[in-house]
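Reader: I am new to this structure and would be grateful for a close look at one part of it. Please begin with a single helix and follow its connections outward, explaining each term on the way.

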Amino acid sequence: MARVLTPRAEDFPRWYQDLIAKAKLADNGPVRGTMVIRPAGYAIWERMQAEMDARIKAAGAENAYFPLFIPESYLKREAQHVEGFSPELAVVTHGGGKPLAEPVVVRPTSETVIGEFMAKWIDSYRDLPLLLNQWANVVRWELRPRIFLRTSEFLWQEGHTAHATREDARAYARRILHEAYEDLMVNVIGIPVVVGLKTARERFAGATATYTCEGMMGDGKALQLGTSHELGQNFAKAFDISYSSKEGGREHAWTTSWGTSTRMLGGLIMAHGDDNGLRVPPRLAPIQAYVMIVKDGEGVAEAAAKLRDGLRDAGVRVALDDRTDTPFGRRAVDAELRGYPVRVEVGPRDLAAGNAVVVRRTDGSKSPTPVADVVAAVLAALETDQQVLHDEALANRESRTVEVATLAEAIEAAATGWARVPWSAVGVAGEAEANGQGVTVRCLLRADGSVPDSEDEPNLIAILARAY
């Protein structure tokens, strides 16, 4: 395999940028910090979107759509919220060639505009819970952009719900965290995530609690892949989201919000990619099997088409590459870069022996396989390699996570991976000290690994790391 990427061990950020460009996943947009997602990248996003959408709907939420433009006054009604987002806001002051009577903010997130309509739509306890989700773009004016990880405009889903009680709101925020987010990331994207509670310092602006899914990337840094927030009654009081209770009184609702974004694409690249390109877990891959004609003639095209049809009939997402006017080596390199889980190479020599060659992307192994057995071999490889990628990512995380006793040890360990340290050894002052050295508390866990309700619980474990 010709070297087309900077080796990860040599320069991980350069490798990441090389892979995005060479695999034709995305490009920089014309405005600084924006991105153009190319078809190969968007196909993966569509698969993520479909899998996530199904899980969100299974949890009872319904999709809606809300405006891109939000009156500036809406954001100002929840003080912590506007303060948290103010450095990132894009504000429109002119429209139709004239100054606007009130500036409008290009949506950075939609708590405020959705809160306005929740107040309009909710009247009685019978209207609760109200479970909404939208798929949209958002704008956060990013100072240090990096494609998929931090861009001024990105795609995401954002859920917003209103409940009659705090307990119901907390239960739903955690249901989404585990049943939608954690399940997708572990079982489809193949990234073993640590699920925990954010500290007050890292909490979403205006929330009372933020829960997170944190993944370790190939270089040992952390990436926040999704968050779910309890908003208490902060937004309900600011927007008068209230309801008539069974007892006849008027009560404010308890609300949540939660989101995942195209950042998951960056996580996919950095958690599973290798020096030959992307490696896409089979359950996620838009193309699971890539049938390639090595050289035409002697019945090769017919045999390749028959294999494609057989794979498709077996439920495999399959594509056929019959571009014999392009050198096979170049096409093989492109297939490696794109991360197709399995390649089926069909050429005259192998076909004369009754075989095709099954190539697995996880380890590069090549297995001459009787044509009659190819479909079964591909199905077995897809099942096996889904687990292989997860297990490799888990082994990377476990080998680069250390147990330490002090803040100083945790900061030192974060140079190469993650540190697990008693939260009591860090605290608010220690967290500020770590932040000053580029290290953050990614989340807090109970000793048994479960998610705490508060950072004030005793005996919590803090995960410290450098992060994207």
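Author: Helices (H or I, at least four residues) and strands (E, at least two) are taken here as DSSP runs, numbered from the N terminus. The model is a predicted one, in which local features need pLDDT of at least 70 and side-chain atom pairs count only at pLDDT 80 or more, while totals for chains, interfaces and linings use all residues. Residues are numbered from 1 along each chain as its sequence is written, and side-chain values use heavy atoms, with hydrogens and water left out.

The helix chosen is α1, which covers residues 12-22. At its start, a side-chain oxygen of Asp11 comes to within 3.1 Å of the backbone nitrogen of Arg14. After α1 comes Lys24, which has a positive phi near 60°. Phe12, Trp15, Tyr16, Asp18, Leu19 and Ile20 of the helix are buried (under 20% relative accessible area; exposed is over 50%, and partly exposed lies in between, with a 1.4 Å probe and protein chains only). These buried residues pack against β1 (26-28) and α8 (263-272).

The pairing with α8 can be described further. The axes of α1 and α8 come within 11 Å and cross at roughly 115° (axes are lines fitted to C-alpha atoms, for helices over the stretch in contact, and angles run from 0 to 180 degrees between N-to-C directions). This crossing is right-handed; that is, the near helix is turned clockwise from the far one by less than a right angle, whereas anticlockwise would be left-handed. Across the interface, Phe12, Trp15, Tyr16, Leu19 and Ile20 of α1 meet Gly266, Ile269 and Met270 of α8, contact being heavy atoms within 4.5 Å.

Ile269 leads from the helix pair to the interior. The largest nonpolar core has 62 residues, and Ile269 is listed with Leu25, Met48, Phe148, Ile189 and Met264 as having the most contacts inside it (such a core is a set of buried Ala, Val, Leu, Ile, Met, Phe, Trp, Tyr and Cys residues joined through side-chain atoms within 4.5 Å). Helix α6 (residues 166-187) gives the most to this core, with 8 residues. Beyond four places in sequence, Met264 is in contact with Trp45, Met48, Met52, Leu184, Met185, Ile189 and Leu225. Another core, of 25 residues, lies apart from this one and includes Phe66, Met118, Leu128 and Ala162.

Leu128 also takes part in an unusual backbone feature. Most residues other than glycine have a negative phi, and most peptide bonds are trans. Leu128 and Pro129, however, are joined by a cis peptide bond, with omega about -5°. Pro129 sits in the loop between α5 (111-121) and β7.

Phe148, one of the residues with the most contacts in the largest core, is found in the loop between β7 and β8. Phe148 is not a glycine, yet its phi is positive, about 75°. Phe148 counts as buried because its relative accessibility is 3%. The loop between β7 (130-139) and β8 (153-163) also holds Thr151. Thr151 is likewise buried, at 4% relative accessible area, and its side chain reaches the backbone oxygen of Glu153 at 2.9 Å. Leaving out residues up to four places away in sequence, Thr151 touches Gly33, Met35, Arg140, Glu142 and Arg146.

Elsewhere in the model, 5 strands form an open sheet in the order β16-β15-β17-β18-β19, with mixed pairing (two strands pair if DSSP finds at least two bridges between them). The edges are β16 (318-321) and β19 (366-370); each has a single partner strand, so one side of each is left without a neighbour in the sheet. From one strand to the next, the twist averages 25°. Helix α9 (residues 300-313) packs on the sheet, where it touches β15, β16, β17 and β18 (355-360), and its direction makes about 170° with that of β15. Strand β15 (residues 289-293) runs parallel to β16 and is joined to it by 4 bridges, with Met292 standing opposite Asp321 in β16.

Met292 is also among the residues in contact with Glu345, which belongs to strand β17 (residues 342-346). Glu345 is buried because its relative accessible area is 7%. By contrast, Glu298, in the loop between β15 and α9, is exposed at 67%.

Key: A polar contact is a pair of N or O atoms within 3.5 Å; within protein, one must be able to donate a hydrogen and the other to accept it, and residues adjacent in sequence count only if both atoms are side-chain atoms.
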